[in-house]
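I opened the model to look up its fold, its sheets and its turns. The entries below follow the order in which I checked them.

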Amino acid sequence: METPGIEHRTEQHESSRRTVWMAHPDGSWARASVDRPRDQGGPRRLWDLLTDILDRLITGGELPVNGARVTITPDGEATLSRGRWSAPI
């Protein structure tokens with residue numbers, strides 16, 4: 001995971017409009033709604049991270065976690081890896 005700890009929220013408005021939010025404890029946030037352009041702020045660009053993941057999915061046909069190997073250290077730390085990609089969990 002590139003940015004663990006992201007919270008996802010969906011807000012349903014009376015007008016049937018829906019807003020989707022992503023937020024991270026470091027102050028990063030992103031928001032999308034049907035009638036507004038996507039917006040983001042804070043130290044990390046959450047929409048950019050999501051776009052990178054979607055690009056990997058489209059280009060490679062799957063996310064790198066599919067078929068990944070798991071390495072667990074004696075102190076219990078786990079890392080997923082596949083090819084050049086790796087992520088501690």
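Entry 1, order of elements. I read the pattern along the sequence as β-β-β-β-α-β-β-β. I noted one helix and seven strands in the protein; helices (H or I, at least four residues) and strands (E, at least two) are DSSP runs, numbered from the N terminus.

Entry 2, ground rules. This is a predicted model, in which local features need pLDDT of at least 70 and side-chain atom pairs count only at pLDDT 80 or more, while totals for chains, interfaces and linings use all residues. Residues are numbered from 1 along each chain as its sequence is written, and side-chain values use heavy atoms, with hydrogens and water left out.

Entry 3, the four-strand sheet. I looked up the strand order and found an open sheet of four strands, 1-2-3-4, with antiparallel pairing. Two strands count as paired if DSSP finds at least two bridges between them. Strand 1 (7-12) and strand 4 (36-41) are at the edges with a single partner strand each, so one side of each has no neighbour in the sheet. From one strand to the next, the twist averages 10 degrees; axes are lines fitted to C-alpha atoms, and angles run from 0 to 180 degrees between N-to-C directions.

Entry 4, strands 1 and 2. Strand 1 and strand 2 (residues 18-23) run antiparallel and are joined by six bridges. I located Glu 7 opposite Ala 23 in strand 2.

Entry 5, strands 5 and 6. Strand 5 (residues 69-72) pairs with strand 6 (residues 78-82) over four bridges, in the antiparallel sense. I found Leu 80 in strand 6 as the bridge partner of Val 70. The hairpin of these strands has five residues between them, and Gly 76 there takes a positive phi near 90 degrees.

Entry 6, strands 6 and 7. Strand 6 is joined to strand 7 (residues 85-88) by four bridges, again antiparallel. Arg 82 stands opposite Trp 85 in strand 7. In this hairpin I counted two residues between the strands, and Gly 83 takes a positive phi near 60 degrees.

Entry 7, totals. I noted that 22% of the 89 residues are buried, meaning under 20% relative accessible area with a 1.4 Å probe, protein chains only. The accessible surface (Shrake-Rupley method, 1.4 Å probe) comes to about 6600 Å², and 53% of that belongs to carbon and sulfur atoms. Of the contacts between residues at least 6 apart in sequence, 10% join residues at least 24 apart; contact means heavy atoms within 4.5 Å.

Note on methods: Buried means under 20% relative accessible area, exposed over 50%, partly exposed in between (1.4 Å probe, protein chains only).
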